[in-house]
Amino acid sequence: MTPRTITPGDLTGAATELIARGHRLALMSAHQQARGFGVVYLFTAPGLDHTELHLHLPPDDPTLPSLARVSFPAGRFEREIRDLYGITPLDHPQPRRLVRHHHWPRGWYPMRADAGPPPAFGDPEGPFPFLTVEGPGVYEIPVGPVHAGLIEPGHFRFSVVGETVLKLKARLWFVHKGIEKLFQGRAPADALPLAERVSGDTSVGHALAYCLAVEEATGTAVPEEARSARAILLELERLYNHVTDLGALCNDVAHGILHAHAGRVREQLLRINDEVTGHRLLRGGVILGGAALRALPDPARLAAIGADVAEIVELALSHTVVADRFTGTALLRFEAARDLGTLGYVARASGFDADARRDHPSADLGSFTPALRTGGDVLARFQIRADEIAASIALISWLVSRSASGRSTPPSTDRPASGVGIAEGWRGTIVHRVELAPDGTLARVKIVDPSFFNWPALPVALDGAIVPDFPLVNKSFNLSYAGNDL
Amino acid sequence: MGAVLQVVLVAVGSPLLVGMMRQVRARLEGRAGAGIGQPWRDLRKLVRKEPIAPDGTGWVFRAAPLLLAGTVLVVAAVVPLVSTTSPLDEVADLFAVVALLALGSVALALGALDTSTAFGGMGASREMIVLALVEPTILLSVFALSVRVGTTNLGTIVTSAVADPLAVISPASLLAAAALAIVTIAETGRIPVDNPSTHLELTMIHEAMVLEYAGPDLALIEWASAMRLSVLLGLLTSLFAPWGIATGNAGLLALLLAAVVVIAKVALLGALLAAGEVFMAKLRLFRIPELLAGSFLMALLAVAASFFLA
């Protein structure tokens with residue numbers, strides 16, 4: 001990795017050149033320095049070493065040139081940094097707040113060193129400036145942030161004619177937890193449980209990305225068997241979450257029987273998880289410098305589960321009403337998936353082939369090729385999950401013989417260092433970037449969940465869909481609120 | 001006498017019918033289920049809560065549950081379930097029954113609009129779409145049955161079916177049965193038209209209208225909805241499988257026997273409906289009119305058949 005220090009004037013040119021060479025902006029992280037602010041732009045490209053651009057900003061009235069016109073995700077990162085650090089992107093096309101909570105006092109930036117404890121709630125900024133769609137028969141449906149089901153808080157504002165959605169605006173960030181700040185000052189090993197809890201259903205994905213980042217920062221070489229063992233854990237996590245989603249998608253079209261069967265298969269997978277790591281959600285399997293497994297999963301049992309899942313998928317898609325509900329619903333086109341920078345199964349269901357397991361491998365996966373579908377509708381997002389379940393089981397079977405627990409201790413170092421970890425969690429590519437202080441504690445941890453990239457794709461896909469299909473479409477994306485709202 | 005028995009039966013039995021249907025569904029999906037008495041326990045819980053109404057709502061909101069429950073109770077007294085004779089015999093014709101059911105639906109839709117929430121309006125508009133397609137089908141299919149008898153009085157139609165059981169398997173009757181079965185599913189908000197157990201606000205039809213109700217009002221609506229379901233299922237069995245129904249001035253024993261028979265028939269039909277739902281999925285909202293238009297067509301064919309094949 002080659003960090004390049006750059007001046008604000010050269011930023012746009014350098015970023016444009018990197019993107020033209022096939023890089024994507026994977027992460028943008030601000031941090032407070034002794035004098036002023038530092039901003040890191042992390043660019044990654046398949047098969048290439050990642051590139052970092054470092055920008056230094058003065059402490060008073062910090063501003064940076066906006067890259068929103070070069071890269072759509074950059075615009076969102078800039079808004080996030082503006083809300084959390086008070087660094088203003090100049091000439092931003094969407095200068096609205098993103099992360100900032102409605103009730104945070106004006107001028108309070110929670111990630112700054114002098115932010116102090118959370119202040120009392122007030123109403124200083126006023127309501128979010130939702131764009132009002134006008135016309136004959138147009139009305140608004142506000143939904144949430146508190147929902148009827150057990151889902152996390154998100155506010156959805158539909159502008160609707162009859163039942164057809166003209167525009168959807170999703171507002172998230174109702175439960176900012178300050179996770180990134182909780183990392184600061186901890187020893188890397190003490191912060192691992194925190195990384196496992198960034199998003200409850202992605203404990204391996206986030207733990208792995210975090211460990212990879214710390215290992216890169218400390219120069220730790222992980223034994224090959226432990227790398228394979230981690231890859232197994234990552235696939236086990238993908239398995240149980242994808243099976244859950246297949247059932248939930250059936251349930252959302254009121255085909256409850258397949259939901260019940262998916263729940264049965266999910267329970268079998270959770271019990272395998274428990275045998276493998278001692279935790280049903282796979283916590284404690286990925287450790288700094290290696291992996292700690294109690295047992296390896298039995299490929300024969302997984303193969304039986306794979307056949308079971310295939311039968312559920314077959315039953316779902318041969319049901320004409322279920323197939324009718326899935327087919328052609330909420331089309332996300334390839335161009336939109338690419339331009340928005342979507343990741344994971346959302347991208348791969350629209351024919352946009354992005355998979356960190358192949359592009360940024362952290363273990364030898366043999367001849368693994370990611371599944372790809374081109375439909376872009378709910379059906380494709382259903383099928384890609386089914387494909388990935390089969391691929392994951394095949395991958396685990398291949399990895400089992402070459403995996404074992406093991407760890408290596410990091411070489412001691414006393415200089416500031418940084419590292420990047422990239423892991424293909426079940427939702428998509430997770431990126432963590434850590435900075436270590438001279439005493440070896442964490443100075444700054446930046447977490448990017450794939451949901452941060454994928455949320456803007458949901459309203460795009462929903463264009464022209466009907467209101468009662470929204471829950472199904474939302475489930476087919478199944479984006480994280482917790483991993484997004486750090 | 002028969003009418004009193006019917007009302008008591010419907011009032012007490014309907015939540016049990018709903019509980020039984022949920023239990024059938026749970027068992028078929030491999031779940032333990034909450035038990036047949038759960039709807040009654042839910043109603044008891046709701047009744048004990050304090051009455052509460054959203055700010056800005058008026059008498060329409062408060063009156064809707066009462067009107068809904070009241071109309072269903074009147075319908076329960078009028079339609080032939082246990083006995084074909086009713087003290088309200090001269091008004092017990094199919095137009096009155098359909099109008100009473102529609103009155104309840106419209107009252108609930110107005111109550112939903114009165115909350116002036118997006119969900120209330122959305123649910124009301126969807127309910128009206130369904131209602132507008134369901135009511136003509138009910139009218140037409142019962143009309144097809146009344147052609148044979150020459151009157152729209154439900155008691156007389158059922159009595160003649162008891163006298164001539166083979167008439168039930170005529171083409172007109174079978175078409176009308178199919179049409180009426182579909183609209184019963186739509187009218188009571190079952191899969192594939194609506195999902196009574198969903199928590200997804202945006203997909204709801206009936207549930208979206210009652211989102212703002214709580215406590216005793218909600219209990220009244222839940223109870224009335226269960227009664228609508230059992231009255232419509234009861235009407236379906238009386239029209240197309242009237243065996244065992246008490247006709248004329250039947251004695252107490254005959255009435256009790258008829259009550260047992262109708263309970264068995266409705267329970268069987270409910271179990272079949274619940275079992276069928278397990279294998280169904282919910283239609284896309286815009287497909288519902290197609291389904292209901294299909295049922296309307298069947299009802300129309302039934303009328304035509306009853307004229308030309310009579």
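Helices, of at least four residues, and strands, of at least two, are DSSP runs in these legends. The model shown is predicted.

**Figure 1. Chain A as a whole.** Chain A holds 16 helices and 15 strands. Its radius of gyration is 22 Å, close to the 23 Å that the globule rule gives for 486 residues, so chain A is as compact as a globular protein of that length. Along the principal axes, the C-alpha trace of chain A spans about 65 × 60 × 45 Å. Of the 486 residues in chain A, 51% are buried. Among contacts in chain A with a separation of 6 or more, 67% join residues 24 or more positions apart.

**Figure 2. The annotated span 24–115 of chain A.** UniProt, in an unreviewed entry, places the feature "domain: NADH:ubiquinone oxidoreductase 30kDa subunit" at these residues. In the model, residues 24–115 of chain A are 15% helix and 33% strand. The C-alpha atoms at the two ends of this span lie 32 Å apart.

**Figure 3. The annotated span 262–406 of chain A.** The feature listed here by UniProt, again from an unreviewed entry, is "domain: NADH-quinone oxidoreductase subunit D". Over residues 262–406, chain A is 57% helix and 3% strand. A distance of 34 Å separates the end C-alpha atoms of the span.

**Figure 4. The two assigned domains of chain A and their contact.** The domain assignment of chain A gives domain 1 (2–90) and domain 2 (181–474). The C-alpha centres of these two domains of chain A lie 27 Å apart. Contact between them involves 13 residues of domain 1 and 14 residues of domain 2. On the domain 1 side, the elements that give two or more residues are β2 (24–32), β3 (37–44) and α2 (72–85) of chain A. Strand β2(A) supplies the largest share of that side, with 5 residues. By residue class, the domain 1 side divides into 7 nonpolar, 5 polar and 1 charged.

**Figure 5. The largest nonpolar core.** This core has 233 residues, of which A:Val39 and B:Ala176 touch the most other members. Helix α9 (residues 215–240) of chain B provides the largest share of the core, 14 residues. Domain 1 (2–90) and domain 2 (181–474) of chain A both give residues to the core, so the core lies between them. Leaving aside neighbours within four places in sequence, A:Val39 is in contact with A:Met28, A:Ala30, A:Leu55, A:Leu57, A:Leu64, A:Ile81 and A:Ile87.

**Figure 6. The annotated binding site, A:Glu180 and A:Ile447.** Both residues are listed by UniProt under "binding site" in an unreviewed entry. They span 268 residues in sequence, yet no two of their C-alpha atoms are more than 7.2 Å apart, so they gather at one spot. A:Glu180 is placed in helix α3 (residues 179–183) of chain A, whereas A:Ile447 lies in strand β15 (residues 442–448) of chain A. A:Glu180 is buried, because 20 other C-beta atoms lie within 10 Å and the cut-off for a buried residue is 20 or more. A:Ile447 also counts as buried, with 27 C-beta neighbours inside 10 Å. Not counting residues up to four places away in sequence, A:Glu180 touches A:Val445, A:Lys446, A:Ile447 and A:Leu486. On the same basis, the contacts of A:Ile447 are A:Ile179, A:Glu180, A:Val198, A:His206, A:His432 and A:Leu486. A:Leu486 therefore appears in the contact lists of A:Glu180 and of A:Ile447, as judged by C-beta atoms within 7 Å.

**Figure 7. The loop at A:Gly162.** A:Gly162 lies in the loop between β8 (155–161) and β9 (164–171) of chain A. The residue is exposed, because 11 other C-beta atoms lie within 10 Å and exposed residues have 12 or fewer. A:Pro118 is 44 residues from A:Gly162 along the chain, and their C-alpha atoms are separated by 43 Å.

**Figure 8. Annotated transmembrane regions of chain B.** In an unreviewed entry, UniProt gives the annotation "transmembrane region" to several spans of chain B, among them residues 94–116 and 167–186. In the model, residues 94–116 of chain B are 91% helix and 0% strand, with end C-alpha atoms 34 Å apart. Residues 167–186 of chain B are 80% helix and 0% strand, and their end C-alpha atoms are 27 Å apart.

**Figure 9. The contact between chain A and chain B.** Chain B contributes 23 residues to this contact and chain A contributes 25 residues. The chain B side comprises 13 nonpolar, 5 polar and 5 charged residues.

Key:
Residues numbered from 1 in each chain as written. Chains lettered and ligands numbered in written order. Predicted model: local features only at pLDDT ≥ 70, side-chain atom pairs only at ≥ 80, totals over all residues. Nonpolar A, V, L, I, M, F, W, Y, C, P; charged D, E, K, R; others polar. UniProt positions renumbered as here; feature names shortened; annotations may be inferred. Rg over C-alpha atoms; globule rule 2.2 N^0.38 Å. Core = buried A, V, L, I, M, F, W, Y, C linked by C-beta atoms within 7 Å. Domains from an automatic or database assignment.
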